[in-house]
Amino acid sequence: MHGIPISYFLILSAILFSLGVIGVIIRRNVIIVFMSIELMLNAVNLTFVAFSNHLNNIEGQIFVFLVMVVAAAEVAVGLGLIVAMFRLRETVHLDDIRLLKW
Amino acid sequence: MDAQWINLIITVVKIVVVVFIFMLPLVMLMTLMERRISAFLQDRLGPNRVGPMGILQPIADGLKAFFKEDIFPVNVDRFLYLMAPAIILFPALITVAIVPFGDQMSTYIGGHLVNLRFQIADLNIGILYFVSFASLGVYGLVVGGYASNNKYSMLGGLRSSAQMISYEIPMGLAIVAVVMRAQSLSLNDIVLSQATTWNFLYEPIGFIIFVVASFAETNRLPFDLPEAEQELVGGYHTEYSSMKFSAFFIAEYSNMIVSSMLITTLFLGGWQVPFGIMEALNLPVIWEQLIQILAFLIKTGIFLFIYLWVRWTLPRFRYDQLMNLGWKSMLPLGLFNILLVAVQMKF
Amino acid sequence: MLQNILFFVFAILAVAGAVMVISFRNPVYCALSLVLTLFSLAGEYVLLLAHFIAIVHIAVYAGAIVVLFLFVIMLLNIRREERAPGSIKYMVYLGVPLGLVLLYELVSIGFREFTDVYVKATDIGTVEKIGQALFSKYVLPFEITSILLLVAMLGAIYLSKQKLEIVSK
């Protein structure tokens, strides 16, 4: 009756992180790129919590708490930026948002 | 049998009893009570023909809903249109897992001495579970409004979700004050901390804030602009018919029931009987437990009656009045309540 | 045994949700797949006995951040993404192999190290322990996050405000 090896969590986190990286590279819709970034942040959170359990240290979970707060703040400001950009350019396709000034 | 299996079986039995034998029949009873009580408030009788005092009316309604034509509009987003009633039922039914119906007792079941709690799960994070899953109630509305491919549904869904998000904050602040007194997030500890005075006397402002926020969270009048018939044709459930429509209403009544149970647990002392009656009558344990469960159910019933009473008494809030109330009145009041409770606890 | 089964159920759901996030054309479907991934991750946190983090994860991510995404998608009325003709197919052919190379590098560490240490029973995931740590040793980051949230709120409000035209009367 052993339990779950910690390496399983690390492998899952690695898979989610690379899927997030692939999402940022291949998707051209800025909101979906943002969602892929959130996926990467979540993968890192999983690694932190796995190590927090392994090392029996609470600092991992405190850091996850702070990462969540920063992610929330980042999403709020990022979506504000996207809304402002949409009002100006009428598009969310990243290839069309290339020039600084029209 | 192993003690672990006994605990698993007890938990499964608790889930089946609470959800299928308690919640769903209570939802059916609530549909009937809504119509009877609103009728009495309006000086008429309401449905009383099907069965004694109309008890079998919900069954008749259910049969009618089954036989109605299940309309499937052409341009809707098929998958989301079908999933929206399920998404909205999920948080409504799952939040009942933390509610303590009664105290715990040690009995012998299957040859093992088990500590039987009348609560499906006594989580360490208790009331936070309700806060998280209540904030998931937004999804059913937003997805239902979006999937219907209809202006009114979309607007109703967005307005309703904005309202629910806005009132989560005063609800959270009222809960913080309760947790401050109980020194723990576990609902059992919150009930036990009210042994001296119940919370609605100790922090009345918090009580009022939580009740008002519960009305807003469950989309009941006076906060039901999102589904107001006169304004938005029906809001986010305009395009739904028969059983999917019934699913939205089962979810609303389940939310109402869970909110009443939580108001009772957080502010009215949960399963405790007032005035020290239980110590006076020295009954065997099983009778004590049953009387405490009965006390809990009576208090929940009082709040369900208040929900129905308020619906047919007060007029509806306009949308901007609603948002102003949430952000500009309830939020500062919630913070002031926390300050007050902190001062009360210090002295 | 039950924990191993639960781990694989949640892991498969999380990876399926992540693949759906990066492959659906409709942004609303992507957002809902993200919710599936976040829920599965919350289940994983519970398996790691980090109860507080699991429930705060659901409250913050699934309950607020993805709702914000959905609001913006619906308010801006973002439709299905159409690919412009002759544009960026090469990005897919370039990006996916590079991502898989990254995956191989990260996973190879996981397969080599930490393979014989298991999830331990511990109580540092409870609310009491996190509360004690947050308010004694890490109170400064905690207070700074409150200022960070205030700044983010101001930024979001200012950025998405419509510039009002002042009409001279």
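In which loop of chain B is the place of Q183(B)? Select Q183(B) in this predicted model to find out: the residue belongs to the loop between α6 and α7 (187-192) of chain B. Its phi is near 60°, a positive value in a residue other than glycine. Q183(B) counts as exposed because 11 C-beta neighbours lie inside 10 Å.

**Helices α5 and α6 of chain B**

From that loop, step back to helix α6 (residues 151-182) of chain B and add helix α5 (residues 137-147) of chain B to the selection. The two axes come within 7 Å and cross at roughly 165°. An angle over 145 degrees counts as roughly antiparallel, and α5(B) and α6(B) are therefore roughly antiparallel to each other. The crossing in which α5(B) passes α6(B) is left-handed.

To display the contact itself, select G137(B), V138(B), L141(B), V142(B), G144(B), G145(B) and Y146(B) on the α5(B) side. Their partners in α6(B) are S153(B), M154(B), G156(B), G157(B), L158(B), S160(B), S161(B), M164(B) and I165(B). Coloured by class, the residues of this contact divide into 8 nonpolar, 8 polar and no charged.

**Helix α4 of chain B**

Next, select helix α4 (residues 126-135) of chain B, which is mostly covered, with 10 of its 10 residues buried. Among them are the aromatic-labelled positions Y129(B), F130(B) and F133(B), together with G126(B), I127(B), L128(B) and V131(B). S132(B), A134(B) and S135(B) are also buried residues of α4(B).

**Helix α13 of chain B**

Move to helix α13 (residues 285-311) of chain B and place a distance between its end C-alpha atoms, which are 40 Å apart. At 1.5 Å a residue, the 27 residues of α13(B) should span 39 Å, which agrees.

Which residues of α13(B) are buried? They are Q289(B), Q292(B), A295(B), F296(B), K299(B), T300(B), F303(B), L304(B), Y307(B) and L308(B). An α-helix has 3.6 residues a turn, so residues three or four places apart point the same way. To see what covers the buried residues of α13(B), show α1 (3-41), β1 (104-109) and α11 (242-267) of chain B, which are included in the cover.

Keep α11(B) and α13(B) on screen: their axes come within 8 Å and cross at roughly 125°. These two helices are therefore oblique to each other, and their crossing is right-handed. On α11(B), the contact is made by M256(B), I257(B), S260(B), M261(B), I263(B) and T264(B). On α13(B), F296(B), K299(B), T300(B), F303(B), L304(B) and Y307(B) take part. By class, the residues of the contact of α11(B) with α13(B) divide into 8 nonpolar, 3 polar and 1 charged.

**Between the chains**

Now colour the model by chain. Of the 2 pairs of chains in contact, chains A and C share the most contacts. Chain A and chain B are joined by no contact, and their closest C-alpha atoms lie 14 Å apart.

For the pair of A and C, 63 residues of chain A are in contact with 75 residues of chain C. On the side of chain A that touches chain C, the elements giving two or more residues are α1 (6-26), α2 (30-55) and α3 (59-89) of chain A. Select α3(A) here, since it is the element that gives the most, with 21 residues. This side of chain A has 45 nonpolar, 14 polar and 4 charged residues.For the pair of B and C, 14 residues of chain C are in contact with 16 residues of chain B. Helix α3 (residues 51-75) of chain C gives the most to the side of chain C that touches chain B, with 11 residues. That side of chain C has 11 nonpolar, 3 polar and no charged residues.

**Single residues in chains A and C**

Within chain A, centre the view on F48(A), found in helix α2 of chain A. Is F48(A) buried or exposed? With 20 C-beta neighbours inside 10 Å, F48(A) counts as buried. Not counting residues up to four places away in sequence, F48(A) touches G60(A), F63(A) and V64(A). F48(A) and E59(A) are 11 residues apart in sequence and 8.9 Å apart in space, C-alpha to C-alpha.

In chain C, select L49(C), in the loop between α2 (27-47) and α3 of chain C. The phi of L49(C) is near 60°, a positive value in a residue other than glycine. L49(C) is partly exposed, with 19 other C-beta atoms within 10 Å.

Finish at I5(C), in helix α1 (residues 2-23) of chain C. With 9 C-beta neighbours inside 10 Å, I5(C) counts as exposed. I5(C) and L103(C) are 98 residues apart in sequence and 24 Å apart in space, C-alpha to C-alpha.

How values were computed:
Residues are numbered from 1 along each chain as its sequence is written. Chains are lettered from A and ligands numbered from 1 in the order in which they are written. This is a predicted model: local features need pLDDT of at least 70, side-chain atom pairs count only at pLDDT 80 or more; totals for chains, interfaces and linings use all residues. Two residues are in contact if their C-beta atoms, placed from the backbone, lie within 7 Å. Helices (H or I, at least four residues) and strands (E, at least two) are DSSP runs, numbered from the N terminus. Ala, Val, Leu, Ile, Met, Phe, Trp, Tyr, Cys and Pro count as nonpolar, Asp, Glu, Lys and Arg as charged, and the others, Gly among them, as polar. The expected span of a helix is 1.5 Å times one less than its number of residues. A residue is buried if 20 or more other C-beta atoms lie within 10 Å of its own, exposed if 12 or fewer, and partly exposed in between; C-beta atoms are placed from the backbone. Axes are lines fitted to C-alpha atoms, for helices over the stretch in contact, and angles run from 0 to 180 degrees between N-to-C directions. Angles under 35 degrees count as roughly parallel, over 145 as roughly antiparallel, 65 to 115 as roughly perpendicular and the rest as oblique. A crossing is left-handed if the near helix is turned anticlockwise from the far one by less than a right angle, and right-handed if clockwise.
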